[in-house]
Amino acid sequence: MTADVLLALLVFVAGLPRVQNQPNGRIVGGREVDISEYPWTLALLLHYQHYCGAVLIDPGWALTAGHCVDHDIREGLAVRAGSSSKSIGGEIVDIIDVIFHPEYDPSTVDFDFAVLRLASPITVIDAVPIRLPEPNHPIEAGQIAHISGWGALEYDGPTPDILNAVEVPVVDREECERIFGDRLTRSMFCAGPLEGGRDACQGDSGGPVVIDDHLAGLISWGPVVCATAGFPGVYADVAHVTEWILESPNQAQNLNPAQSLNPAQAEPGPEPEPGPEPEPGPEPEPGPEPEPGPEPEPGPEPEPGPEPEPGPEPEPGPEPEPGPGPKSRLLPLH
């Protein structure tokens, strides 16, 4: 196989999202870690089986890759929080709403974001929300990104149960565009050593990419042969959509619009001092009771008139045609 043919093959498979049917796996070239080191990392479950990653951004809200949840699922989605294992321990909470980014494109994986509304706030002590970045906060080449998840050791490889993590450098934007061309959009960035060996892989999609203690990205896509030299991983840039994430609770069904992500706790003001009690006025004197008048004599009872004849029953009209459905991409799961 010539070098040109190999390059074309790798660019073709690079567009595949990092989801696998098998519900197990780990990061390539990384190490096993305890959940206390990455307490925002969630296992995204379908019928209690791990199949993607997610990240806790508020006790009642999570974030994942859009391509992890863009299939026709209405029930069975949940997250496991606060456990190093993807299969036992921690706390499991159902997902009741999925809010896709309005520009999400499943064919190109552009704007690969979905906000998840949880059925109840996560309370387990080993689960801690991650800070969101400032809107449009730049990501610089050479910064170290920390990625974590339960993705595969290698393509179609072994599948350990414990959370893994690895550190990868951010790749220069121009270099990344040279490798992936117009497949790389403004909502994406690249990270990973160009010599290969360290990468996310199938099953890691939707998991966190952390730079300087804030959520810089989500694991999105890359070459199907993970950790291939010359082909870094591609990640969804969270700073590109920070404002949309913060507005997402107002798009959720049956949600109080006053509720928001990371709400500030307002300090109560001082209680007003009570004013003086009013002095009671004099009680009014009772007036004379009125004398009762004569009772009216009853009149004659009216004679009943003829009963009206029933008219013909109206014929039923045509049933109204259904109107257009909602345009929202909010998918209620229960």
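## Strand 10 and its surroundings

M188 stands opposite A236 in strand 13. This is a predicted model, in which local features need pLDDT of at least 70 and side-chain atom pairs count only at pLDDT 80 or more, while totals for chains, interfaces and linings use all residues. Residues are numbered from 1 along each chain as its sequence is written, and side-chain values use heavy atoms, with hydrogens and water left out.

Strands and helices here are DSSP runs numbered from the N terminus, with at least two residues (E) for a strand and at least four (H or I) for a helix. Two strands count as paired if DSSP finds at least two bridges between them. Strand 10 and strand 13 run antiparallel and are joined by four bridges. M188 and C190 point one way from strand 10, F189 and A191 point the other way, and all are buried. Buried means under 20% relative accessible area, exposed means over 50%, and partly exposed lies in between, with a 1.4 Å probe and protein chains only. In a regular strand the side chains alternate between the two faces of the sheet.

Both strands belong to an open sheet of seven strands with antiparallel pairing, in the order 1-9-8-11-12-13-10. Strand 1 (31-32) and strand 10 (188-191) stand at the edges with a single partner strand each, so one side of each has no neighbour in the sheet. Elsewhere in the sheet, strand 8 (residues 144-149) and strand 11 (residues 208-211) run antiparallel and are joined by two bridges. H146 has V210 in strand 11 as its bridge partner.

Helix 2 (residues 173-180) lies across strand 10, strand 12 (214-221) and strand 13 (233-237), and runs at about 95° to strand 10. Such angles run from 0 to 180 degrees between N-to-C directions, with axes fitted to C-alpha atoms, for helices over the stretch in contact. Contact means heavy atoms within 4.5 Å.

### Disulfides

A disulfide is taken as a pair of cysteine sulfur atoms within 2.5 Å. The whole structure holds three disulfides. With bonded cysteines counted along the chain, they follow the pattern 1-2, 3-4, 5-6.

| Disulfide | Sulfur to sulfur distance |
|---|---|
| C52 and C68 | 2.1 Å |
| C176 and C190 | 1.5 Å |
| C201 and C226 | 1.9 Å |

The disulfide of C176 and C190 links distant parts of the chain, from helix 2 to strand 10, 14 residues apart. C176 is buried at a relative accessible area of 1%, and C190 is buried at 2%.

The disulfide of C52 and C68 is left-handed, with -75° about the S-S bond. C52 lies in strand 3 (residues 49-58) and C68 in the loop between strand 4 (61-64) and strand 5 (77-81), so this pair ties together parts that are 16 residues apart in sequence. C52 and C68 are both buried.

For C201 and C226, the torsion about the S-S bond is about 80°, so that disulfide is right-handed. C201 sits in the loop between strand 10 and strand 11 and C226 in the loop between strand 12 and strand 13, 25 residues apart. C201 and C226 are buried.

### Nonpolar cores

A nonpolar core is a set of buried Ala, Val, Leu, Ile, Met, Phe, Trp, Tyr and Cys residues joined through side-chain atoms within 4.5 Å. The largest one has 27 residues, of which I57, L63, F113, L215, V238 and I245 touch the most other members. Strand 2 (41-46), strand 3, strand 4, strand 12 and helix 3 (242-247) each supply at least two residues of this core. Leaving aside residues up to four places away in sequence, L63 touches ten residues' worth of neighbours named here in part, including A54, V115, L215 and I245. Another core, of 23 residues, lies apart from the largest one and has L44, Y51, L116 and A127 among its members.

### Salt bridges

A salt bridge is a side-chain nitrogen of Lys or Arg within 4 Å of a carboxyl oxygen of Asp or Glu. The whole structure holds six salt bridges. One of them joins R31 and E167, at 3.2 Å from N to O. R31 lies in strand 1 and E167 in strand 9 (residues 164-169), so the pair ties together parts that are 136 residues apart in sequence.

In helix 2, R178 forms a salt bridge with E175, the closest N and O atoms being 2.7 Å apart. R178 is exposed at 59% relative accessibility, whereas E175 is partly exposed at 25%.
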